[in-house]
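This briefing covers selected helices, a sheet and the nonpolar cores of one structure. Please view the sequence and the model together while reading.

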Amino acid sequence: MKPIKPIPIGVEFYKEMINKGYYYIDKTLLIRDILSNGSKVTLFTRPRRFGKTLAQSMLCTFFEKEILPDGTAADNSAYFQGKKIMDAGGQYLEHMGQYPVIFMSLKSAKQPTFEMAYKSLCDEIIKEYKRHMYVLKSNTVTEADKKIYNSVLERDADNITYAKSIAYLSECLEKYHNKKTIILLDEYDVPLENAYFSGFYDKMVSFIRSLFESALKTSQSLEFAVVTGCLRISRESIFTGLNNLDVISILDENYAEYFGFVQEETNQMFEYYSMSQKLGEAREWYNGYLFGNTEVYNPWSIINYVKDIIYKNTDYPKPYWSNTSSNSIVKDLIEMADNNTRREIEGLVAGGTLEKPVHEDITYGDIYRTQDNLWNFLFFTGYLKATGRRFENDTIYLALKIPDREIRYIYSNTITEWFNARIKVTDFSGLYNAVVNGNTSVFEDFLKKHLRESISYMDSAENFYHGFLLGLLSGMEDYEKLSNRESGNGRYDIVLKPYDEKQPAIILELKCVQKFNEMGDMCDRALKQIDDNHYDEGLLDEGYMFIKKYGICFCKKSCMVKLQ
């Protein structure tokens, strides 16, 4: 029996992927398309965990003339045997192993202060300088150049030298190899996002702008560069004057298949692991993305799902992607939402769409200036997908929708957390007194007010209202809250059982309708159901003398409360 390949959870480096025999979905034709396109600087923006780092590592492995400690060049061609790029043609293979390559990730700059973030970036730069220390043994690099090189290595260089250090390393590599340098920069926007939320955005923008301009704009030693990140940051912030920048966002069709898994690749993976019967479930949960017009599965979620299924860690889908970050941008949207935005969120969670203008050239400083900017960030970071577009008055308008059940879970869970946090700081004593004392008008007014301020998020309207009411009543400290328990001939919705037997026990039966004029009849039906099914049987058996029975019917953002 052929041994099963291990699943690459968290494997970001191409050589490790191949060396350890992980299941690899072949994306090597990205090499062909980058060479064919011929762009000087290509910026790919994709959501997190969509294979950007692995793609950059693969490009590095292919293009780099890697110098070993003994001074000889490594032969990395074995890493591409049997891969699609090997059949692409000699005009592409002639570039294999021919260039000096600078490969850096900027994600280590996620630090609480500018000083720590700056030091982390310098550490990444020093790491690349160490990787290419062989240039110091060459006569093609002057003693003056070597002195500057060593000052970077030994952390003695000034800020200006570090700001130009990638460009300088590129020049040294060109002198050694007599070949222009390829620069690969991964997670380029992490320092900027972190700096914005940590309060030192302007300082970080200045440093990253200097780093990028010297390496990508003014350097004569650049062959080409590939930059990856989650968001496009406007030219004015760090790409000032960079006229050779080719931006490939999730709106573009070209390169669409190289980040994430397309349907055929997912089919093959599920067939390999003998779980084709799970394809429908996986499609519902993880296949909501559209890059250009190409449907794409979330690769992080798919590989985690496959591993959990084959190792019997679970029998059902999980929200894997939601656990990879704080999802703070969804929290911000919900916490800042006015009544109109709440209705828009409700429509999205219910499976609907909304139309918003899209602006790719925005900075982190623009996020909270308008609600539309926040929708933009949700779209470009993977929390929404575009199902249609139109162009009017020099503006692109997108029809936006939640991609799949996994992302819908993030919204629902975030809404729940927001709602519960609001309950903790709200005085509900008036509501609790009304429930205990049978004041239906006050009870009803409380429910209506908070319904208007809440956001519906459940698949079933009745489930939402059930959770909503339980949340509101959670602060009744003198009562035990019971939900969906068997009693008599059925299951009641909610029972409030007092710790003091002299206080009334309370039964609440909930209904929901689509028309306001049906609420009264449905309240009566709820009260009848309580009696017909003897929901009070358990309470009577325990000796409770006083029992209040409520029939409550919800309709959209309104409700009616009746007491028997």
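Which helices and strands do the buried residues of α16 pack against? They pack against the helices α14 (328-336), α15 (339-349) and α17 (405-424) and the strands β8 (354-358), β9 (385-392) and β10 (395-401).

This is a predicted model, in which local features need pLDDT of at least 70 and side-chain atom pairs pLDDT 80 or more, while totals for chains, interfaces and linings use all residues. Residues are numbered from 1 along each chain as its sequence is written, and side-chain values use heavy atoms, with hydrogens and water left out. Helices (H or I, at least four residues) and strands (E, at least two) are DSSP runs, numbered from the N terminus.

**Helix α16**

- Eight of the 10 residues of α16 (residues 371-380) are buried (under 20% relative accessible area, with exposed over 50% and partly exposed in between; 1.4 Å probe, protein chains only).
- These are N373, L374, W375, N376, F377, L378, F379 and F380.
- G382, just after α16, has a positive phi of about 100°.

**The sheet beside α16**

- The strand order is β8-β10-β9 in an open, antiparallel sheet of three strands; two strands pair if DSSP finds at least two bridges between them.
- β8 and β9 are at the edges with a single partner strand each, so one side of each has no neighbour in the sheet.
- On average, neighbouring strands are turned by 30° against each other, direction ignored.
- Five antiparallel bridges join β8 and β10, and V358 is opposite I396 in β10.
- α16 packs on this sheet, touching β8, β9 and β10, and its direction makes about 95° with that of β8 (axes are lines fitted to C-alpha atoms, for helices over the stretch in contact; angles run from 0 to 180 degrees between N-to-C directions).

**Helix α11**

- In α11 (residues 263-272), the buried residues are E265, T266, M269 and F270.
- Seen down the helix axis, they fall within an arc of 130°, so they line one face of α11; the arc is that of the directions from the axis to the C-beta atoms.
- The face turned away from this side carries the exposed residues E264 and E271.
- The cover over the buried residues includes α12 (279-286) and α13 (299-310), with contact meaning heavy atoms within 4.5 Å.
- S274, which follows α11, has a positive phi near 55°.

**Nonpolar cores**

- The largest nonpolar core (buried Ala, Val, Leu, Ile, Met, Phe, Trp, Tyr and Cys residues joined through side-chain atoms within 4.5 Å) has 145 residues, and L216, F443 and L508 have the most contacts inside it.
- Helix α10 (residues 201-217) gives the largest share of this core, nine residues.
- Another core, of 33 residues, lies apart from it and includes Y14, L30, A55 and F80.
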